[in-house]
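Student: Please give me a close look at how the side chains pack in this structure, starting from the aromatic rings. I should like one connected account, with the cut-offs stated as each term comes up.

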Amino acid sequence: MLAQKDLELLSAKGISEQQIEEQLECFKKGFPYLEIVASASVDKGIMVISQEDQAMYMDAWDAYLTEDKKIVKFVPASGAASRMFKNLYEFLSAPYNEPETPFEQKFFADLPKFAFYEALNETCRRNEKADIPALLAQKKYKAVVENLLDGKGLNYGQLPKGLLLFHTYPEQVYRTAMEEHLAESAMYAKNNAGEVNIHFTVSPEHQPLFEKLVGEKKNGYESKFSVKYDISFSVQKPSTNTVAADMDNEPFRDAKGNLLFRPGGHGALIENLNDVDADVVFVKNIDNVVPDSFKCSTVIYKKIIAGVLVTLQKRIDDYLRIIEKGKYNHAQVEEMIHFLQDTLCIRNAGLKDLEDGELILYIKQKLMRPLRVCGMVKNVGEPGGGPFLAVNPDGTVSLQILESSQIDLKDPAKKEMFDGGTHFNPVDLVCSVKNYKGEKYNLPDFVDKNTGFISYKSKDGRELKALELPGLWNGAMSDWNTVFVEVPIETFNPVKTVNDLLRREHQ
């Protein structure tokens with residue numbers, strides 16, 4: 001099946017023949033739906049932190065920051081912003097020349113409120129020999145949009161969200177999404193030495209632009225927040241690309257007869273996360289940021305969920321040390337079982353059948369895993385995955401973040417669980433990735449490979465199947481210990497369309 005040139009291509013990407021065979025097998029078999037027991041709720045698996053406990057957890061996090069630990073903020077930032085401008089691209093290709101849809105009308109009516117307005121105005125003066133008010137008076141709406149999206153102008157249609165101007169501050173100061181992450185992390189992830197570590201995953205073609213922006217802005221933010229930044233970047237590894245298949249589940253070949261590979265989706269970033277040297281890692285999407293005047297709630301709840309994490313991690317470490325010494329009594333074993341069941345929401349129907357030695361091995365196996373605490377927001381109709389109690393390959397039940405594609409929505413009972421979900425996933429995670437001895441877990445070992453996703457695309461006018469790896473906070477973290485904490489909706493302010501920047505939280 002594989003010619004010599006195929007093998008050379010695989011070697012260059014760091015992909016084995018076995019991986020290709022496994023991926024093609026996925027196309028043939030497909031991926032099974034996950035068995036869900038219930039959607040997680042305040043009554044089932046989502047913690048609500050009382051006012052009193054909020055202060056306790058924030059104190060726990062502040063105390064942790066004084067220890068000799070490394071904290072890193074991990075921000076996936078590789079995607080282009082083209083989807084953010086989908087409505088404007090549709091306007092450019094529309095048969096009419098003036099805004100007609102409510103979206104288009106709002107965009108032009110509120111154009112001066114965007115942080116990129118002055119930069120766009122300057123670009124229009126240079127390219128069109130007229131400013132934006134003059135162009136709009138002449139009904140040249142599409143010229144304005146072209147100067148925003150195209151390479152001749154600001155090129156926003158091809159840039160990643162992290163490099164777009166999101167927010168306006170007094171004295172004509174404008175911040176990109178990336179800069180907001182610098183500001184935000186200084187407010188909750190600064191260690192005792194005043195250091196802040198941030199890691200962005202970026203596309204190779206955009207990395208020089210990110211580095212240039214850091215070079216221009218870093219010193220100013222260090223001075224403003226009295227910190228020292230260590231800002232690093234990585235790109236998705238070629239070895240995480242997946243082979244495309246044709247409709248017969250054979251390797252798809254392009255017009256030149258070469259194998260076609262596609263990015264494996266954000267699940268590929270588990271490899272990047274695995275390369276990060278840290279004790280605690282915050283994970284948050286690039287577009288979920290607000291100006292400083294709105295950051296208070298975000299910072300408070302970041303500290304709360306981080307406090308929950310380090311408090312639980314300490315308890316887990318204490319249990320594992322007891323197990324390692326072999327000096328435990330019946331009451332301690334009972335306590336560990338209740339911790340697994342009541343705090344980590346891990347259920348095992350066969351627990352009562354285990355012998356004493358098997359029981360201790362089971363407890364140790366479940367505790368010796370990475371730990372994540374995930375913020376969950378009350379469901380207000382926003383798209384995205386949600387929190388569920390799901391059955392694992394070993395028959396246990398635990399908390400998982402699932403997407404709709406992983407659930408059999410044709411099953412009335414499953415659809416009812418999905419539709420009745422009270423919370424959704426805003427991608428607000430804090431992770432502990434070392435064991436009680438300070439040894440780092442190898443994160444790819446905890447991926448459930450049966451939770452990938454197959455989508456349908458086309459290339460050169462031919463249909464193909466594309467394989468996405470288990471999502472970063474879905475199947476890629478399937479075998480982690482997971483805790484859900486309710487966080488307020490004001491901590492979730494994503495920018496999915498350009499007009500989202502007109503929301504109060506972004507002004």
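Tutor: The account below begins with ring pairs, passes to the nonpolar cores and a central strand, and ends with individual residues in strands and loops.

The model is predicted, so local features need pLDDT of at least 70 and side-chain atom pairs count only at pLDDT 80 or more, whereas totals for chains, interfaces and linings use all residues. Residues are numbered from 1 along each chain as its sequence is written, and side-chain values use heavy atoms, with hydrogens and water left out.

A search of the whole structure gives 19 aromatic pairs; rings of Phe, Tyr and Trp (its six-membered ring) pair if their centres lie within 6.5 Å, with planes under 30 degrees apart counted as stacked, over 60 as edge-to-face and the rest as tilted. Trp61 and Tyr64 form a stacked pair, at 5.4 Å centre to centre and 15° between the planes. Both residues belong to helix H3 (residues 51–65), where they are three residues apart, about one turn of the helix. Helices (H or I, at least four residues) and strands (E, at least two) are DSSP runs, numbered from the N terminus. Trp61 also pairs with Phe282: the ring centres are 5.6 Å apart and the planes stand at 85°, so this pair is edge-to-face. That second pair links distant parts of the chain, since Trp61 is in helix H3 and Phe282 is in strand E10 (residues 280–284), 221 residues apart. Trp61 and Tyr64 are both buried, and Phe282 is buried as well; buried means under 20% relative accessible area, exposed over 50%, and partly exposed in between (1.4 Å probe, protein chains only).

Elsewhere, one aromatic cluster is formed by Phe85, Phe91, Tyr96, Phe107, Phe108, Phe114, Phe116, Tyr141 and Tyr156. The charged end of Lys142 sits over the ring of Phe91, a member of this cluster, at 5.5 Å from the ring centre. The charged end of Arg175 sits over the ring of Tyr169, 4.2 Å from its centre. For such an arrangement, NZ of Lys or CZ of Arg must be within 6 Å of the ring centre and within 35 degrees of the ring normal.

Phe85, Phe107 and Phe116 appear again in the largest nonpolar core, which has 56 residues; together with Leu148, Phe200 and Tyr229 they touch the most other members. A nonpolar core is a set of buried Ala, Val, Leu, Ile, Met, Phe, Trp, Tyr and Cys residues joined through side-chain atoms within 4.5 Å. Leaving aside neighbours within four places in sequence, Tyr229 is in contact (heavy atoms within 4.5 Å) with residues including Leu182, Ala186, Val196, Ile198 and Tyr221. A second, separate core of 46 residues includes Tyr188, Tyr301, Ile304 and Ile337.

Strand E11 (residues 371–378) is mostly covered, with seven of its eight residues buried. Two strands pair if DSSP finds at least two bridges between them. Six bridges join E11 to strand E18 (residues 481–486) in a parallel arrangement, in which Gly375 stands opposite Val485. Strand E15 (residues 428–432) runs antiparallel to E11 and is joined to it by four bridges, with Arg372 partnered by Cys431. Strand E14 (residues 423–424) is also antiparallel to E11, through two bridges, and His423 stands opposite Lys378.

Arg372 leads on to Gln400, as the two are in contact. Gln400 lies in strand E13 (residues 397–402) and counts as buried because its relative accessibility is 3%. Its side chain makes a polar contact with the side chain of Asn392 at 3.1 Å and reaches the backbone oxygen of Ser478 at 2.8 Å. A polar contact is a pair of N or O atoms within 3.5 Å; within protein, one must be able to donate a hydrogen and the other to accept it, and residues adjacent in sequence count only if both atoms are side-chain atoms. Among the other contacts of Gln400 beyond four places in sequence are Phe388, Met477 and Phe484.

Two loop residues close the account. Most residues other than glycine have a negative phi. Gln172 has a positive phi of about 55° although it is not a glycine; this residue is in the loop between strand E4 (165–169) and strand E5 (173–176) and is exposed, at 58% relative accessible area. Cys345 likewise has a positive phi of about 55°, in the loop between helix H13 (330–343) and helix H14 (356–367), but Cys345 is buried, at 13%.
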